[in-house]
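Biologist: I'm new to this one, so could you walk me through how some of its helices sit together?

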Amino acid sequence: MIAGNWKMHMTCAEARIYAATFLPLVANSYPDREVILAPPFTAILTMAEVLTGTGIKLSSQNIHWEGNGAYTAEISPLMLLEHNVNYAIVGHSEPRKYYSESDEQINRRARAAQASGLVPIVCVGESNQQRESNETERVIRRQVEQGLEGLDPARLIVAYEPIWAIGTGKTCASAEANRICGLIRAWVGASDVIIQYGGSVKPDNIDEIMGQSDIDGVLVGGASLDPEGFARIVNYQTIK
């Protein structure tokens, strides 16, 4: 389950140029891999058009729990479904940090996604201060228990994204990332729940990351903006 989160990057024109380079490079990718792109809201329609027939899925970068209403700057499940969106990222560290999103709000967003037929990608992860204070497991367990309450694990992706590794160039050691992903799997209580790792995933570390037993995929930020680099990530070769 390989997902690229473009964040606040790519105009519609840039998205088309990206697709023209990226799609031929992944046309013969392995059938056991699902590829997901999460463009900004303005480029969703453009990407829905260019991805038609490719098998590549679309995700939104957020979702609101209401179907409509006076919620400035938000987007509803129905608006996303109209453009063939399949997934919705919720709980990313950036809205948690910049907009003080709580686990309760994240849970409401994830529930709304599932109720509408979308699959939520729920992000969890600790800050550098929390890790250095030996609070990693406590923090992530709380995020899992509160953020995933009432969700169907069969229609869910959990992305472990240590905040200190996002956009910093630092990567959590593969063995440690795998350990945390294993704990998340146990806390969710479903052995088949899909667990992704995110945090400075790059073409030169993807093979080792995907060779880990409890990592089922990756949520890629900056490296997904380069179509050739992201294609290399999609076409990883596992190292056991």
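Biologist: Which hand does the crossing of α1 and α10 have?
Modeller: Bear in mind that this is a predicted model. Helix α1 covers residues 12-26 and helix α10 covers residues 227-234, and their axes come within 9 Å. As for the hand, the crossing of α1 and α10 is right-handed.

Biologist: And are α1 and α10 roughly parallel or roughly antiparallel?
Modeller: Look at the angle: the two axes cross at roughly 25°. Angles under 35 degrees count as roughly parallel. So α1 and α10 are roughly parallel.

Biologist: How many nonpolar residues are in the contact of α1 with α10?
Modeller: From α1 you get Tyr18, Thr21, Phe22, Leu25 and Val26, while α10 brings Pro227, Glu228, Phe230, Ala231 and Val234. Sorted by class, there is 1 polar residue and 1 charged one, and the nonpolar count is 8.

Biologist: Over to α7 and α8: are they oblique or roughly parallel to each other?
Modeller: Helix α7 (residues 136-147) packs on helix α8 (residues 174-188) with the axes 10 Å apart and an angle of about 40°. That angle is why α7 and α8 are described as oblique.

Biologist: How many charged residues does the contact of α7 with α8 have?
Modeller: On the α7 side sit Thr136, Glu137, Ile140, Arg141 and Val144; α8 offers Arg179, Ile180, Leu183, Ile184, Trp187 and Val188. The split is 7 nonpolar, 1 polar and, for charged, 3.

Biologist: Which residue with a positive phi follows α5?
Modeller: Helix α5 runs over residues 103-116. Just after α5 comes a residue with phi near 100°, and that's Gly117.

Methods:
Residues are numbered from 1 along each chain as its sequence is written. This is a predicted model: local features need pLDDT of at least 70, side-chain atom pairs count only at pLDDT 80 or more; totals for chains, interfaces and linings use all residues. Side-chain values use heavy atoms; hydrogens and water are left out. Axes are lines fitted to C-alpha atoms, for helices over the stretch in contact, and angles run from 0 to 180 degrees between N-to-C directions. Helices (H or I, at least four residues) and strands (E, at least two) are DSSP runs, numbered from the N terminus. Angles under 35 degrees count as roughly parallel, over 145 as roughly antiparallel, 65 to 115 as roughly perpendicular and the rest as oblique. Contact means heavy atoms within 4.5 Å. Ala, Val, Leu, Ile, Met, Phe, Trp, Tyr, Cys and Pro count as nonpolar, Asp, Glu, Lys and Arg as charged, and the others, Gly among them, as polar. The expected span of a helix is 1.5 Å times one less than its number of residues. A crossing is left-handed if the near helix is turned anticlockwise from the far one by less than a right angle, and right-handed if clockwise.
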